[in-house]
Amino acid sequence: MAAKKVCHSFSKTLIDEVHRWGCMKQTGVSLRYMMEFGSRPTDRNLLISAHFLHKELPIRIARRAIELESLPHGLSEKPAVLKVRDWYLDSFRDLRSFPEIKDSNEEREFTQMIKAIKVRHNNVVPMMALGVQQLKKGMDQKIVYEDLDEIHQFLDRFYMSRIGIRMLIGQHVELHNPNPPPYCIGYIHTKMSPVEVARNASEDARAICLREYGSSPDINIYGDPNFTFPYVPAHLHHMVFELVKNSLRAVQERYMDSDKVAPPVRIIVAEGIEDVTIKVSDEGGGIPRSGLPKIFTYLYSTARNPLDEDANLGTADAVTMAGYGCGLPISRLYARYFGGDLQVISMEGYGTDAYLHLLRLGDSQEPLP
């Protein structure tokens, strides 16, 4: 049924081709490889990169399009999910109809096309969250949390793949920048200061807390601001922003009607030989032990859902304090994409500590779902 609904605009030939490409093997790359390869963005290297993407992106996109066809519990038939599937099929068709890239002019045209694909997929996360919301509405709440493992596993694979696709496209597009910022190779900053990124992300999270509640707890950051290592600042910003935002909300809501001064959120940056670890600590009351397994699922949020109020997603880029129910699980995927991890430890009645581990060595291959 779902296939009929969406395929009216896609020929059988295209759908067959999607299935054929979806069976091909994906090729992962490491942060170190991206860094070494991108450090010399000559025309020849850009051409090699474009050839790789011309073959790799359709495989990755086809795999996701196929999965979107056959999701459990009728999720594939939800209007929001059908829309996402259309975006993936459109992007697959664009990539496959682009001829073999022979010279620098064609490489530049290809770069413009993949840039447009990246923009097309900007709202995939809120749109999928809306699809999950549409599914939840008609379901018994008990089933939602206990029997939807397949959907959680699918969304983990789906979002991990999306991080990879966007990283590859963004990296290639950014290598065309004639004036890259100092120490930057595409998206990768070879001398990134985690303390500085944490400070920027915290200020952004604090601004949202102020906008939503009218006040915000303080944030104290501990660590050596001069320590640097190679990483993708945008990824780290996303993760720290999400963790700090959650902590600020917990503290703010706990102390909102209290005479006591809200305790600060603390961020500690530690450099180890293997890992750089960032700990975000709050005294926001913690999470009950029974709730901890839910915080990394996509169907759980303690906040009211902002998607209910704006189902057309016209303002999908507006950041809210909480509510999509996918901030933490996606942050953990960002950490795992380059071999790190995210753990949350909580003391109910006191507060929560989130440990963000980032692998220093940069040799870990992309995890390919």
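**Exercise 1. A serine in a strand**

The backbone nitrogen of Ile 287 lies 2.7 Å from a polar atom of the side chain of Ser 346. Describe where Ser 346 sits and what surrounds Ser 346.

*Solution.* Before we start, a word on the model: it is predicted, so local features need pLDDT of at least 70, side-chain atom pairs count only at pLDDT 80 or more, and totals for chains, interfaces and linings use all residues. Residues are numbered from 1 along each chain as its sequence is written, and side-chain values use heavy atoms, with hydrogens and water left out.

Step 1: find the element. Ser 346 belongs to strand β7, residues 341-347. Helices (H or I, at least four residues) and strands (E, at least two) are DSSP runs, numbered from the N terminus.

Step 2: check the burial. Ser 346 has a relative accessible area of 18%, so Ser 346 is buried. Buried means under 20% relative accessible area, exposed over 50%, and partly exposed in between (1.4 Å probe, protein chains only).

Step 3: look for polar partners. Besides the atom pair with Ile 287, the side chain of Ser 346 reaches the backbone oxygen of Gly 351 at 3.4 Å. A polar contact is a pair of N or O atoms within 3.5 Å; within protein, one must be able to donate a hydrogen and the other to accept it, and residues adjacent in sequence count only if both atoms are side-chain atoms.

Step 4: list the neighbours. Leaving out residues up to four places away in sequence, Ser 346 touches Gly 286, Ile 287, Leu 292, Gly 351 and Thr 352. Contact here means heavy atoms within 4.5 Å.

**Exercise 2. A buried arginine**

Work out which residues Arg 60 meets, and which parts of the chain its salt bridge ties together.

*Solution.* Step 1: Arg 60 is placed in helix α4, residues 43-69. With a relative accessibility of 1%, Arg 60 counts as buried.

Step 2: beyond four places in sequence, the contacts of Arg 60 include Gln 26, Ser 161, Ile 165 and Glu 366. Take Ile 165: Arg 60 and Ile 165 are 105 residues apart in sequence, while their C-alpha atoms are 7.4 Å apart in space.

Step 3: now the charged partners. Side chains of opposite charge can pair when their charged atoms come close. Arg 60 and Glu 366 form a salt bridge at 2.8 Å, N to O. Arg 60 lies in helix α4 and Glu 366 in the segment after β8 (351-359), so this pair ties together parts that are 306 residues apart in sequence. The term salt bridge means a side-chain nitrogen of Lys or Arg within 4 Å of a carboxyl oxygen of Asp or Glu. Both of these residues, Arg 60 and Glu 366, are buried. The side chain of Arg 60 also has a polar contact of 2.8 Å with the side chain of Glu 56.

**Exercise 3. Two more salt bridges**

The structure holds 14 salt bridges. Are Glu 67 and Arg 64 buried or exposed, and what about Asp 218 and Arg 206?

*Solution.* Step 1: Glu 67 and Arg 64 meet at 3.1 Å, N to O. They are 3 residues apart in helix α4, so about one helical turn separates them. Glu 67 and Arg 64 are both buried.

Step 2: Asp 218 and Arg 206 meet in a salt bridge at 3.3 Å, N to O. Asp 218 lies in the loop between α10 (194-213) and β3 (219-222), and Arg 206 lies in helix α10, so the pair ties together parts that are 12 residues apart in sequence. Asp 218 is partly exposed at 47%, and Arg 206 is partly exposed at 28%.

**Exercise 4. Building a sheet**

Find the order of the strands in the sheet that holds β1, β2 and β4.

*Solution.* Step 1: strand β1 (residues 184-185) and strand β2 (residues 188-192) run antiparallel and are joined by 2 bridges. Two strands pair if DSSP finds at least two bridges between them. Cys 184 has His 189 as its bridge partner in β2.

Step 2: β2 is also joined by 2 bridges to strand β4 (residues 229-231), again antiparallel. Here His 189 stands opposite Tyr 231, and Met 192 stands opposite Phe 229.

Step 3: put the pairs together. The result is an open sheet of 3 strands in the order β1-β2-β4. β1 and β4 stand at the edges with a single partner strand each, so one side of each has no neighbour in the sheet.
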